[in-house]
Amino acid sequence: MSGQAVPRYRQIVTELRRQIEAGELAPGDRVPSTREITKQWDVAMATATKALTELRREGIVRAVPGVGTVVEAPSHPVRKARPAVAPRPGGPADAPSGQSALTLERIVAAAVAIADTEGLAAVSMRRVAAELGVATMSLYRHVADKDDLLTRMMDTVIAGRPLPADAPAGWRETIELTARQLWGLFRRHPWLAPALSVTRPQVITSALPYSEWTLATLHAHGLDLHTAFTAHLTLLNYARGIALNLETEREAEAHTGLDNEEWMDTQAPALLEVLATGRFPALSRLAATSYDLDLDALFEFGLQRLLDGLASLVAESNAG
């Protein structure tokens with residue numbers, strides 16, 4: 001009885017794995033994107049995506065934002081956890097020979113590094129323990145659970161970029177500074193926006209100065225505390241809302257192997273077909289131009305419009 005045919009995606013995985021093991025694709029080299037795989041192997045996009053997903057699952061490749069899917073370096077921390085080591089006489093239980101003692105700071109730093117490079121979904125107690133080379137249960141001596149770890153991660157990265165000691169002279173300049181600094185944090189740590197909840201806010205001590213600055217500034221310029229706090233939440237959620245695209249884009253790129261421009265290329269034929277019907281003349285004229293979706297420019301445009309609205313509210317409060 002003959003064996004079943006090997007699925008096409010498996011054939012692609014086998015060939016790419018062979019190239020990597022033979023050194024034809026070295027660590028850090030970009031592997032074919034899904035679009036390139038569809039052309040080279042004459043397969044559907046779903047098959048190409050499945051092949052890259054399998055290689056990522058095996059830890060052979062990883063997605064790098066702005067670059068694509070690359071060959072994993074052997075020293076990258078995607079590895080199995082080391083077996084627990086019995087404590088040496090007189091030595092700390094969490095410090096195997098040749099390693100530093102396990103501390104809360106090391107745990108949080110490792111978790112932040114994983115989230116920064118691979119996304120929030122990659123952070124787990126098991127993964128952090130593997131990164132540090134310790135038993136998973138040893139982490140619970142320092143953090144209560146994953147939610148506790150996540151709160152500490154957010155507190156750490158926000159504390160790393162404190163507001164200046166003195167606020168600018170004008171209210172608008174002060175609000176601009178806090179909003180842009182938050183945007184910078186979201187930019188530097190794409191996982192931060194989805195981790196930060198507005199409806200169920202975590203107690204993050206390092207984030208309180210942002211709330212205090214905005215609240216105190218707007219209240220000092222005529223807004224009641226409730227209105228000032230609503231304005232703060234509006235600005236926070238505005239910056240957070242745009243920043244959510246950073247993490248979802250990274251996840252989409254990791255899943256498909258396509259960056260946003262490559263993905264748009266796959267959608268262009270269908271969009272042009274719809275626009276050719278003439279039902280959407282304004283969109284058709286826009287499509288004929290070169291529109292660059294720049295999240296930084298989008299953030300700045302919306303920030304200025306929000307501040308214009310606040311300026312009218314401040315003026316009304318002072319006129320009353």
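Q: What makes up the lining of the largest pocket, by class?
A: In this predicted model, the lining of the largest pocket holds 17 nonpolar, eight polar and 10 charged residues. Met264 and Leu293, two of the residues closest to the centre of this pocket, count as nonpolar because Met and Leu belong to that class. Glu249 and Glu261 are also among those closest to the centre, and they count as charged because Glu is placed in the charged class.

Q: Which helix gives the most to the lining of the largest pocket?
A: The helix is α11, with 10 residues. Helices α7, α10 and α12 (281–287) also supply at least two residues each. The space in this pocket is about 1400 Å³.

Q: Why is the space lined by Thr178, His232 and others called a cavity, rather than a pocket?
A: A cavity is a set of points where a 1.4 Å probe fits but cannot get out, whereas a pocket is an open set, so the term cavity marks a space closed to that probe. The lining of the largest cavity includes Thr178, Tyr210, His232 and Ala239.

Q: How do you know that the largest cavity enters the count of cavities of 30 Å³ or more?
A: Its volume is about 70 Å³, set against a cut-off of 30 Å³ or more. The count comes to one cavity.

Q: What makes up the lining of the largest cavity, by class?
A: Six nonpolar and three polar residues form it, with no charged residues. Tyr210 lines this cavity and counts as nonpolar because Tyr is listed in that class. Helix α10 gives the most to this lining, with four residues.

Definitions and conventions: Residues are numbered from 1 along each chain as its sequence is written. This is a predicted model: local features need pLDDT of at least 70, side-chain atom pairs count only at pLDDT 80 or more; totals for chains, interfaces and linings use all residues. Side-chain values use heavy atoms; hydrogens and water are left out. On a 1 Å grid over the protein atoms alone, a cavity is a set of points where a 1.4 Å probe fits but cannot get out, and a pocket is an open set with protein on both sides within 12 Å along at least five of seven lines; lining residues have an atom within 4 Å of a point. Grid points are joined across faces, edges and corners, and a volume is the space filled by probe spheres set on the points.
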